[in-house]
Amino acid sequence: MARLADATPVILPTSIFENFLLDSKQLESKLNEKSRLLILCSPSNPAGSVYPKKLLEEIAKTVAKHPSLLVLSDEIYEHIVYAPATHTSFASLPGLWERTLTVNGFSKASAMTGWRLGYLPGPKHFVAACKKIQSQVKKLTLLHLQSWGRNQNGQLGLGTTEDSLVPLKIQAFQGVSIKLVAAAAEHTAAVTEDGELYGWGWGRYGNLGLGDRNDRLVPEKVSLVNVCDRNDRSY
Ligand SMILES: Cc1ncc(COP(=O)(O)O)c(C=O)c1O
């Protein structure tokens with residue numbers, strides 16, 4: 001994501017001895033006038049660590065010293081927390097709402113992965129800027145859908161569970177125009193130019209929308225749903 005935005009990602013390593021939590025001093029040592037966005041994830045995937053409020057307050061103090069630094073706080077697991085841990089939303093800390101974009105969605109707490117519904121609470125001007133990009137991304141039509149990377153659940157749609165180090169064409173979409181792709185960690189969904197919905201990858205929770213809990217290594221059409229009427233411009 002950082003590279004797509006022409007930014008240079010700086011990865012801060014964490015360790016099991018600190019519960020995979022970021023250290024605010026280490027964060028401070030990596031920040032400079034070029035730093036634009038701190039990405040936090042609490043409760044986190046994959047480590048499951050939950051940032052205690054006190055640590056978030058320390059991180060907030062560090063963030064406050066860097067006026068051009070914004071924070072993207074992924075809190076999609078906020079309701080999947082076990083005592084004694086409690087969830088604190090970074091934007092709820094004093095002075096942080098103005099600088100924080102909170103990422104959330106219905107996939108985890110409401111087991112609604114197949115719905116592809118997420119939300120981004122944040123200051124109006126940032127959300128308006130995100131909307132501009134999102135509306136354009138949605139309008140793209142892809143003629144050759146390609147996929148690469150981790151493929152443990154067949155979510156690349158390539159017919160195998162082998163990871164792919166290079167982009168490969170998804171054969172099932174040869175010659176088909178794709179309007180929208182939603183890729184999650186374990187499964188993927190796509191809508192074609194003709195308004196047909198496809199799902200593939202991990203299906204344990206019915207998240208492919210195909211009426212069962214089976215995995216699919218290649219895209220399969222969700223036949224029950226008429227995703228959009230081509231003449232209806234409101235979608
Ligand atoms: C930390 C985190 N954020 C966001 C997401 C995206 O969830 P979805 O694409 O199902 O809305 C995931 C999915 O695994 C996740 O682990």
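A111 sits in the loop that runs between β3 and β4 (118-119). In this predicted model, the residue has a positive phi, near 50°, although A111 is not a glycine. A111 has 12 C-beta neighbours inside 10 Å. The cut-off for an exposed residue is 12 or fewer, so A111 counts as exposed.

F20 also departs from the glycine rule. Its phi is positive, about 60°, and F20 is not a glycine. The residue belongs to the segment before α1 (24-30). Around F20, 14 other C-beta atoms lie within 10 Å, so F20 is classed as partly exposed.

Two cis peptide bonds were also examined. One joins S42 and P43, with omega at about -10°. P43 falls in the loop between β1 (37-41) and α2 (53-64). The other links A83 and P84, where omega is about 10°. P84 is placed in the loop between β2 (70-74) and β3 (100-105).

The ligand has its own set of surrounding residues. These are C41, N45, D74, I76, G105, S107, T113, G118, A184 and A185. Sorted by class, the shell around the ligand holds 4 nonpolar, 5 polar and 1 charged residues. C41 is one of the residues around the ligand, and β1 spans 37-41. D74 is another member of the surrounding set; β2 covers 70-74. G105 likewise belongs to the ligand surroundings, and β3 covers 100-105. G118 is also listed there, with β4 at 118-119.

Key:
Residues numbered from 1 in each chain as written. Predicted model: local features only at pLDDT ≥ 70, side-chain atom pairs only at ≥ 80, totals over all residues. Near = placed C-beta within 6 Å. Nonpolar A, V, L, I, M, F, W, Y, C, P; charged D, E, K, R; others polar. Helix = DSSP H or I, 4+ residues; strand = E, 2+ residues; numbered from the N terminus. Buried ≥ 20, exposed ≤ 12 C-beta atoms within 10 Å, placed from the backbone.
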